[in-house]
Each structure stands twice: as C-alpha cells, then as structure tokens.
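Work through these exercises with the structure open beside you. Try each task before you read its solution.

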Amino acid sequence: MSALSGRRIVLVVTGGVAAYKSAYLARLLVEGEAEVRVVITEEATNFIGPTTFAAITGQPVVRSLFSSGQVSPHTELGRWAEAIIVAPATAATLARLALGISEEAASATLLASTAPVLLAPAMHTEMWENPATQRNLALLRQDGRSVVGPETGALAGGDEGIGRMAEPEVIVEALIDLLAGPLSGLTVLVTAGGTREAIDPVRFLGNRSSGKMGHAIADEAARRGARVHLVTAADRRSHPAVDLIRVESAQEMAEAVDKLDVDIAIMAAAVADFRPKDPRGSKLSRSEGPPDIALEPTPDILSAVLSRSKRPFVVGFSAETSNISRAVEKALRKGSDLTVSNDVDDPGAGFGVDTNRVSIISAEGDVEEWPLLSKDEVAARLWDLIQSRLNP
Ligand code: CTP
C-alpha cells in the first residue's frame, strides 16, 4: 500500500514542452494506486495527446467544458478531487489562476474546487523572473497554493537556466506531503462488526452489530492520513486506502490483531464473549433433537492489546443497556485510554442505525456526553479527541 492508495488526484496539463513528462507523472500516480483524472488544455495538445493520458489512467480525459458529454465536468471533477496538480503550469496558467479567470476546463476545474493545489511551473528563465510572473506566484501562495520547482537545467530550444519543471518523482513527493493529514505517520488498528461463533457449518452464535461505527472510524483515520488496518467481521466496504482484513470468529479476530504492530487501537467490534466449545463438523439435524451447546470463553482481544509491552493508545467500546455506571466501572477496570459507551436501548444509538449517541469515559472515569450525531460525525469527533490527547 502506498501513501497515494485510493487518493483521488486531478492532473491538469497545460501547454509547455514539459507536458511530455506529465505522462510519466500520471504513470507514477497510477503505480502508486491513486485514482487519476486528467484535464488537458488545447495548448497542451500541441505537445502531447489526450489518448496517451487516457491509456495511462484508464479514464477519459477532459479537454473542454462542453464536449465531454457531462453537464458540468469542471464542478464534478473539482468536487471529486482530493488534490489537484498543475504540471506543467505555464506563465499564462499562473496568471489565469492568480486572477481567477476560468474560461476553459483546466482553470474552471481549479476555480470550482476546494482541494489543495500543487503547481509545477515550467517556462523560460526570462518568463519565470518577470515581475508579472513573480507577482502572480506571490498571489497564488497567499491563496494557499503549493509550488514545487522549477529547477535549474536545460530548457527548450537548447537554453539553460531556471524554469525547468520539477522531475515527476519530486512532484509525487510534494503531493504526498500536501496530502499528509494530522494522522500521517501513525498506524491505526480498528476492529469492527459482530463476530460469528460456529455451532455447526451452517449455524452460528452472533450479535446485532452492523460494523458501521468501526468502519466510519477506520475511513476517517484513512482520510486523516493514517495507515489503517481494519479487522472486521462485517460485510461492508471501506475507504480504498484501508487495509481490510475480513474475519469471522473472535479467534480469527484475535489472531489477525496479534500480528499488527500499531500506534493506536480502536476496539469497536462486538466480540462474542463465549463460543460453542465443540462446534460440529457436520450440520446438526432436527431429528437428533435440541442440542446441548456447551460454551467456552473467547480470547479477550482488548486485554491482550492492553498488556502488550509496546502498548498502543487504546480506545475501548462498551455497549450497555441504560447503565452508564456499569460502563464507567468497566472502563476503569479494563484501563483503556478512552472508552466509548453507547446505550443500545436508545433508538438513535447502537446497532444498525446511521446515528449514535455516545458517552466518552476518560481513563480517570470522567464522563462526557455527546449529542445524537451521525456515525461519521462521531468518528470525526473521536479522532479530534484522540489527536488532542496525543498532542496536548
Ligand atoms: N472485546 C474484545 N474481546 C472480547 C470481548 C470484548 O476485544 N472477547 C472488546 C470490545 O471490542 C470492546 C470492549 O472489549 O471494545 C468491551 O466489550 P463489551 O462486550 O462491552 O465488554 P466485555 O469485556 O464483554 O464485558 P461485559 O461482558 O462485562 O460487558
């Protein structure tokens, strides 16, 4: 998995000779498992064809505001993008962007987006040093645009000097820095879903957990730049950058968790406390009459993580039925850094619904009640809280 896995990147190619290098840049992005869409200006097609980019990215290339068949390609791409690279960015492009002129697809996409922008200028030295270009660049930096390069070296027509577009590898590094979120550099484990404990090959003991809360927490961590391992018993999708490890039983979950060395562990799974002691190898038959199912305890995954010699920051979950004092007592006994408690009797909270009403219990037993929120909002607030604990 690379830092770019699943990230949605728009590459805007404008009309300079360095445009030929942008094909290699597109390839590096695709190799890094980013999703890449290209917008190309008419001027750029003098140097490189859209077919090249379509072949590299496997996606149609946007050339014009009107010919793509889409109603509004610039706003659609602008909203889709997690970051936009302009490479090469010509002097004319910088001038247009500095003034907010948006008469064609490339500059309109940039104006229609709130995503971070990385500019890779390329032009002759005289054009680069011209006060107009430097003024435009200062404006763009003021607007929060990032700039990579230009470098000094050979320019078009046998000239030498500053103005050469940064090499594609350097642009990729700058993009990774630009995308780095508050959790970048940290490895996160999330457990999610309700485990299934086999009675026989067909039947299991299970619970009502949908995995929505855990998946929302994992997705938000990925959006904030963490490397995320999601060990889940739920049949749900996740953010493309998440390492999704599907398991079924508490035992499989414990084994998968055991292999992962992490900085932060969020134990949102509803793990069965007991499992059938001797699951049958073949299907139980009605004619045998009701079976006696002897149970045995499952491994306590949370406790195993808490007793590691290299102990991560641990967030436990606690599903209670109208009893916060039991949740506080349990939080203090277990010793997690934070415990998220939800009352599964509350119609807006808990299993299967999109909302949650939780209380946060600190390691000291202090309780903070949060209002009814969507599970995505709970995930975002939880990460804000964890970040503030890690960097007080
Ligand atoms: N948990 C776990 N492994 C288990 C059981 C629970 O990792 N075998 C984790 C859950 O993911 C959750 C926390 O422990 O983060 C609390 O789970 P919960 O079922 O509420 O508590 P229990 O430990 O089972 O305690 P009790 O049965 O007394 O409520």
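**Exercise 1: Two cis peptide bonds**

Pro150 sits in the loop that runs between β5 (146-147) and β6 (151-154). Keep in mind that the model is a predicted one.

Task: Find which residue is joined to Pro150 by a cis peptide bond, and give omega. Then do the like for Pro88.

Solution.
Step 1. Go to the loop between β5 and β6, where Pro150 lies. The peptide bond from Gly149 to Pro150 is cis. Its omega is near 0°.
Step 2. Go to strand β3, residues 83-89, which holds Pro88. A cis peptide bond links Ala87 and Pro88. Here omega is about -5°.

**Exercise 2: A positive phi**

Task: Work out where Glu33 lies and what its phi is.

Solution.
Step 1. Locate α1 (19-31) and β2 (35-40). Glu33 is in the loop between them.
Step 2. Read the backbone angle. Glu33 is not a glycine, yet its phi is positive, about 70°.

**Exercise 3: The ligand and its contacts**

Task: Identify the residues that come nearest to the ligand, then list polar contacts to its oxygen atoms.

Solution.
Step 1. Start with the shell. There are 17 residues around the ligand. Met267, Ala269, Phe317, Lys330 and Lys334 come nearest.
Step 2. Sort the shell by type. Nine residues are nonpolar, three are polar and five are charged.
Step 3. Look for N or O pairs within 3.5 Å. Three such contacts are these:
- Ala269: a polar backbone atom, 2.7 Å from a ligand oxygen.
- Asp273: a polar side-chain atom, 2.9 Å from a ligand oxygen.
- Arg326: a polar side-chain atom, 3.1 Å from a ligand oxygen.

Step 4. Turn to cover. On its own, the ligand has 570 Å² of accessible area, and the protein covers 81% of that.
Step 5. Trace the shell to its elements. α11 (301-306), β16 (313-320) and α12 (324-334) each give two or more residues. The largest share, four residues, is from β16.

**Exercise 4: The largest pocket**

Task: Describe the largest pocket: what takes its space, how much space it has, and which residues line it.

Solution.
Step 1. Name the occupant. The ligand takes the space of the largest pocket.
Step 2. State the volume. The pocket holds about 930 Å³ of space.
Step 3. Check the lining. It has 39 residues, and Ala269, Ala270, Val271, Phe317 and Ala319 lie nearest the pocket's centre.
Step 4. Assign elements. α9 (212-223), α11, β16, α12 and β17 (338-343) each give two or more residues to this lining. β16 gives the most, with four.
Step 5. Sort by type. The lining divides into 16 nonpolar, 17 polar and six charged residues.

Technical notes. Residues numbered from 1 in each chain as written. Predicted model: local features only at pLDDT ≥ 70, side-chain atom pairs only at ≥ 80, totals over all residues. Heavy atoms only, no water. Near = heavy atom within 4 Å. Polar contact = N/O pair within 3.5 Å; in protein donor to acceptor, adjacent residues only side chain to side chain. Areas by Shrake-Rupley, 256 points an atom, 1.4 Å probe, with all protein chains shown as cover. 1 Å grid on protein atoms, 1.4 Å probe; cavity = no way out; pocket = protein on both sides within 12 Å on 5 of 7 lines; lining within 4 Å. Sits in = over half its atoms within 2 Å of the grid points. Nonpolar A, V, L, I, M, F, W, Y, C, P; charged D, E, K, R; others polar. Points joined across faces, edges and corners; volume = space filled by probe spheres on them.
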